[in-house]
Amino acid sequence: MTEKRVESEKRESPQVPGITRITVAGFKSISEEQSIEIRPLTILAGVNSSGKSSIMQPLLLLKQTLEATYDPGPLLLNGPNVKFTSVDQLLSYMGRGGHGGTFHVGTGVGSSTLMLRFEQTSKGLEIQEMIWMSAEGGIPLRPEMTRDEIISAIPASLRSLPPMLSAQGEWAVMRNRCFLEVRLRAKDGQESHLPFRFSPGMVVEPYIRQVIHLPGLRGNPERTYPVTAVGLAFPGTFEKYAASVIAQWQADEQQDCLRGLNGDLKRLNLTWKVESKRIDDTQVELQVGRLVRAARGGSRDLVNIADVGFGVSQSLPVLVALHAAQPGQLVYLEQPEIHLHPRAQFVLAQVLADAAARGVRVVAETHSSLLLLGVQALVAEGKLAPELVKLHWFERGDDGVTRVTSADLDETGAFGDWPEDFAQVDLEAQSRYLDATELRQVKV
């Protein structure tokens, strides 16, 4: 085994349960089923409107439905993570025939998958079927199932439990937010005192709730930020939590997180320090160093984040999210390189790789060829195990349908025939410029 290979294996992430696959069909441009594997560092690339966001939006719909303070029905369409005002807007367009009327989303956790199928009906959007698939087989649940069908669908290990054997009520498949579950209810419709409930959705629910989502539009820097609660889960989008997370790290003296955050800011050549200052019980101010490196008297050189370059306020939530995430937690970053200098985009690859090495599942939707090249360089240098990386390239055909091509990196950081065209665009641009320059010189 080569020395480089040994070094790479030392950086493999711990095996922690988390979301390992997302499957979507019938949703916007993804009319045909597409499935992507989620590894500790997952790259989504492709031209604009090719379907990169569409593969993640069904998962975000589930997230905001579970986080709602009320029961919004099968799916909360207009929420903090994804905004639709009509079911028609999310269903795949099928030409003159209109939309398909149904879509499904699957969430894999380990070797198991929960598949949900939604359908537009005269009553609105409804869950038509939920299937829990594991090594033991599939468990289908549908609202119209009979008592015998329900009992046969329940795992054999649960059928022998005393509540099942002594049950005198009615078995029914009922909706619980975006999931279906088996409940035993009394003949008068009451169910609170009955002892049995079978809900496969509870297996994946914690992982969906804990998804950290940072959109590409992260807002303008503010003079102050609202104080928020800080925990394992961050309902909605993450940017509003960053200031309070830093404040919590300072209050709890979590020096590793603070050092890691400031170290990343310096690596990206943005600033040498960020500090959170509590204004009152409702507001927090973020202060950053004006300089990239600390200098004598630097502690007095902190200014409000609104008074420095835009790149700091746009990159800070990305870095805080990566350090706040726990092993196994999925962090979905839309355009993490936005407003960064090309050199910083290249360095950002190391920041993402460090989080992946801790076991965080980073999904980066990007248009940056330099970020991808940075990931390749880390693999080739033996600083990032290729097994931790998965590439997904999104394309839309002439029929408007999204198709995904996936690839792995080898030990040299190469990805084979993956249809990435960043380098081709760069070569074409340079060639066009050189041709124009040569032509002008000939005319002179």
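What share of the contacts in the protein with a separation of 6 or more is accounted for by residues 24 or more positions apart? In this predicted model, such pairs of residues, 24 or more positions apart, account for 60% of those contacts. The protein has twelve helices and 19 strands, and 50% of its 444 residues count as buried. About 21200 Å² of the protein is exposed, with carbon and sulfur atoms supplying 50% of that area. The points below take up two open sheets, the helices that lie across one of them, the aromatic pairs and one buried tryptophan.

**The six-strand sheet**

- Six strands make up an open sheet in the order 2-1-4-5-6-7, and their pairing is antiparallel.
- Strand 2 (34-37) and strand 7 (137-141) stand at the edges of this sheet, and because each has a single partner strand, one side of each is left without a neighbour in the sheet.
- On average, and with direction ignored, neighbouring strands of this sheet are turned by 15 degrees against each other.
- Strand 4 is mostly covered, since seven of its eight residues are buried.
- On one side, strand 4 pairs with strand 1 in the antiparallel sense over six bridges, and within this pairing Gly-108 of strand 4 is the bridge partner of Arg-21.
- Strand 4 is also joined to strand 5 by eight bridges, the two strands running antiparallel, and here Phe-103 stands opposite Phe-118 in strand 5.
- Strand 4 and strand 5 form a hairpin with two residues between them, and Gly-110 in the turn has a positive phi of about 65 degrees.
- Towards the edge formed by strand 7, five bridges join strand 6 to strand 7 in an antiparallel arrangement, with Met-133 opposite Gly-138 in strand 7.

**Helices across the sheet**

- Helix 2 lies across strand 1, strand 2, strand 4 and strand 5, and runs at about 105 degrees to strand 1.
- Helix 6 lies across strand 1, strand 4, strand 5 and strand 6, and its angle to strand 4 is about 80 degrees.
- Within helix 6 (residues 201-209), the buried residues are Gly-201, Val-204, Glu-205 and Ile-208.
- Why do these four residues fall on the same side of helix 6? They cover an arc of only 125 degrees around the axis, and therefore lie on the same side of the helix.
- The cover over the buried residues of helix 6 includes strand 1 (19-25), strand 4 (102-109), strand 5 (112-121) and strand 6 (124-134), together with helix 2 (52-67) and strand 9 (179-185).

**The three-strand sheet**

- Strand 9, which is among the elements covering helix 6, belongs to an open sheet of three strands in the order 8-9-10, with antiparallel pairing.
- Strand 8 (170-176) and strand 10 (197-198) stand at the edges of this sheet, each with a single partner strand, so one side of each has no neighbour in the sheet.
- Strand 8 and strand 9 pair in the antiparallel sense over seven bridges, and Arg-175 stands opposite Leu-180 in strand 9.

**Aromatic pairs**

- Six aromatic pairs are found in a search of the whole structure.
- The rings of Phe-27 and Phe-84 have their centres 6.1 Å apart and their planes at 85 degrees, so this pair counts as edge-to-face.
- This pair links distant parts of the chain, 57 residues apart, with Phe-27 in the loop between strand 1 and strand 2 and Phe-84 in the loop between helix 2 and strand 4.
- Both Phe-27 and Phe-84 are buried, and ring pairs link them with Phe-103 and Phe-118 into a cluster.
- Phe-234 and Tyr-241 form another edge-to-face pair, at 5.1 Å centre to centre and with 70 degrees between the planes, and both of these residues are likewise buried.

**Trp-249 in helix 7**

- Trp-249 is found in helix 7 (residues 242-251), and its relative accessible area of 5% places this residue among the buried ones.
- Leaving aside residues up to four places away in sequence, Trp-249 touches Gln-254, Cys-257, Leu-258, Leu-261, Val-320, His-323 and Ala-324.
- Trp-249 and Ser-276 are 27 residues apart in sequence, and their C-alpha atoms are 9.4 Å apart in space.

Conventions: Residues are numbered from 1 along each chain as its sequence is written. This is a predicted model: local features need pLDDT of at least 70, side-chain atom pairs count only at pLDDT 80 or more; totals for chains, interfaces and linings use all residues. Side-chain values use heavy atoms; hydrogens and water are left out. Buried means under 20% relative accessible area, exposed over 50%, partly exposed in between (1.4 Å probe, protein chains only). The arc is that of the directions from the helix axis to the C-beta atoms. Contact means heavy atoms within 4.5 Å. Two strands pair if DSSP finds at least two bridges between them. Axes are lines fitted to C-alpha atoms, for helices over the stretch in contact, and angles run from 0 to 180 degrees between N-to-C directions. Rings of Phe, Tyr and Trp (its six-membered ring) pair if their centres lie within 6.5 Å; planes under 30 degrees apart count as stacked, over 60 as edge-to-face and the rest as tilted. Accessible areas come from the Shrake-Rupley method with a 1.4 Å probe; for residues, only the protein chains shown count as cover.
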